[in-house]
Amino acid sequence: MSRDEDLLARVALTWLTEPGTWSVHRLVDRLGPAGTLDLLLDGGAPDEPLRATVAARSREGDARAVAADALARTERLGARLVTPGDEEWPVRVDDLRRLALRGGDRRVDRETAPPLCFWVRGAWPLQEAFERSVSVVGARAATPYGLHVATEIGYGLADRDWTVVSGGAFGIDAAAHRGALNAGGLTVAVLACGVDRPYPVGNAALFDRIAETGLLVSEWMPGAAPLRPRFLIRNRVIAAAALGTVLVEAAARSGATQTVNRALAIGRRAMVVPGPVTSAMSVGAHEMLREQPFARLVTGLPHVLEEVGRIGADLAPPARAPHQARDLLDDDATLVLESMPRRGAVGVDRLAARAGVDVRTALRKLSLLEELGMVRRRDDGYALAPGAAARGARAPVGDPRSPGVPPGPARSPDASPGTVP
């Protein structure tokens, strides 16, 4: 079979039946795309629902003629069709062969076969774009908190040469895409409609920017409408194509949680950002953490990189409170400091008695406390330095007495996510 025949048959099959249909996928494995198309058009579908679907679509037009028109339209658009035989085919999506969702009784939960082909707009090779990628998904009606987190994660991933994958929707999706674009990185929008009519229309400028520097990807031919079930169908691709999926915000019933469930079902890293317990947009995320033992709580880019990055090379730094001068004190120095009067001065003998240490030890610890700027020597004894009563002074960065405790990670001055249209 020639490549042209293969392309025509695959396009015709995506028009006759929705992507993900297992019976069609198995027929293609056995008969090839052209053989499967001949069988279906001759009324030989292996089950009644598929026969009914093919018959209904066939009444709307000739499948081969529709496919030929779609291929011509693809060429005029400057897009391309990518199939499993192509070098740029994203091999991870083939893991959908082993996707089995428990308790799923809807069609979108049963029909989860790998794609037959992808329409692609953008110059990057598809496999290369997905090779080192993370999906970021979440609520359309996102809160300012969720938008901030998604933008930060998208920016940080792209800044470290990771591809950001999402669905192009309002809310979390758009924030993740914009964060990646502002970092000058690569982002991929996986659509539930034709690549020539991205949805929602309000994100048209964003889609144009993605097409210029990244990729728009779809299983549906140019001109295809964004029907509601198609968003759930495409979610399996968002889950399978990337190394892991981050859920930022999700309401109690959210398609974004379905994406995470699909990622878990095929062994991908699933990460969830917690939110305020008072927010309706965090209910789905929190339930995911409660119900899925393999979902990992992440609070920012370092945690995400630790999940999907190289073993031993992308570990998140341990969470630490701001480094305080008090952290440098041993037990005796702490006793001496705590025994100082809040006001006025105290002699060494009396202070040693209050702290329960000998005078010699008290003198040594007072010398350390004076060096750290926490006490002052006066004619009538020792007194707390101004402001030391609050015990909040930070230790000097790189203080040689610090027992190997680094200061908290600082954000680079050029790391602001910003915005784009």
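Me: By class, how many nonpolar, polar and charged residues does the lining of the second largest pocket have?
Reply: In this predicted model, the second largest pocket has a volume of about 760 Å³, and 26 residues line it. Divided by class, that lining has nine nonpolar, nine polar and eight charged residues.

Me: Which helix gives the largest share of the lining of the second largest pocket?
Reply: Two helices, H11 (255-265) and H12 (283-291), each supply at least two residues of this lining. The residues closest to the centre of the pocket are Thr 257, Gln 258, Asn 261, Arg 262 and Gln 292. The largest share of the lining, seven residues, comes from H11.

Me: Which are the edge strands of the open sheet of nine strands?
Reply: The sheet has mixed pairing, and its strands follow the order S1-S2-S6-S5-S4-S3-S7-S8-S9. An edge strand here pairs on one side only, and that description applies to strand S1 (80-82) and strand S9 (295-297).

Me: By how many degrees are neighbouring strands of this sheet turned against each other on average?
Reply: The question concerns the open sheet of nine strands with mixed pairing. With direction ignored, the average turn between neighbouring strands of this sheet is 30°.

Me: Do strands S3 and S7 pair in the parallel or the antiparallel sense?
Reply: In the order of the open sheet, S3 is followed by S7. Within this pair, Val 134 stands opposite Gly 244 in S7. Strand S3 (residues 133-137) and strand S7 (residues 244-247) are joined over four bridges, and the sense of their pairing is parallel.

Me: Which residue in S11 is the bridge partner of Val 375?
Reply: Strand S10 (residues 375-378) and strand S11 (residues 381-384) pair over four bridges in the antiparallel sense. A hairpin through two residues joins S10 to S11. Across this pairing, the partner of Val 375 in S11 is Leu 384.

Me: What is the volume of the largest cavity?
Reply: When the whole structure is searched for cavities of 30 Å³ or more, one is found. Among the 15 residues that line the largest cavity, Glu 18, Pro 19, Gly 20, Thr 21 and Leu 116 are the closest to its centre. The volume of the largest cavity is about 90 Å³.

Me: Which helices each supply at least two residues of the lining of the largest cavity?
Reply: The residues of this lining divide into eight nonpolar, five polar and two charged. The helices that each supply at least two of the lining residues are H1 (3-16) and H2 (22-41).

Me: Which residue does a cis peptide bond join to Tyr 199?
Reply: The bond in question has an omega of about 10°. The partner of Tyr 199 has its place in the loop between strand S5 (187-191) and helix H9 (204-213), and this partner is Pro 200.

Me: What is the value of phi of Asp 161?
Reply: Asp 161 is found in the loop between helix H7 (144-159) and strand S4 (163-166). Its phi is positive although the residue is other than glycine, with a value near 70°.

Me: Over the face of which residue does Arg 140 lie?
Reply: A charge counts as sitting over a ring if, for Arg, CZ is within 6 Å of the ring centre and within 35 degrees of the ring normal. Arg 140 is placed at 5.4 Å from the ring centre, and the residue whose face it lies over is Phe 231.

Note on methods
Residues numbered from 1 in each chain as written. Predicted model: local features only at pLDDT ≥ 70, side-chain atom pairs only at ≥ 80, totals over all residues. Heavy atoms only, no water. 1 Å grid on protein atoms, 1.4 Å probe; cavity = no way out; pocket = protein on both sides within 12 Å on 5 of 7 lines; lining within 4 Å. Points joined across faces, edges and corners; volume = space filled by probe spheres on them. Nonpolar A, V, L, I, M, F, W, Y, C, P; charged D, E, K, R; others polar. Pairing = 2+ DSSP bridges. Axes fitted to C-alpha atoms, helices over the stretch in contact; angles between N-to-C directions.
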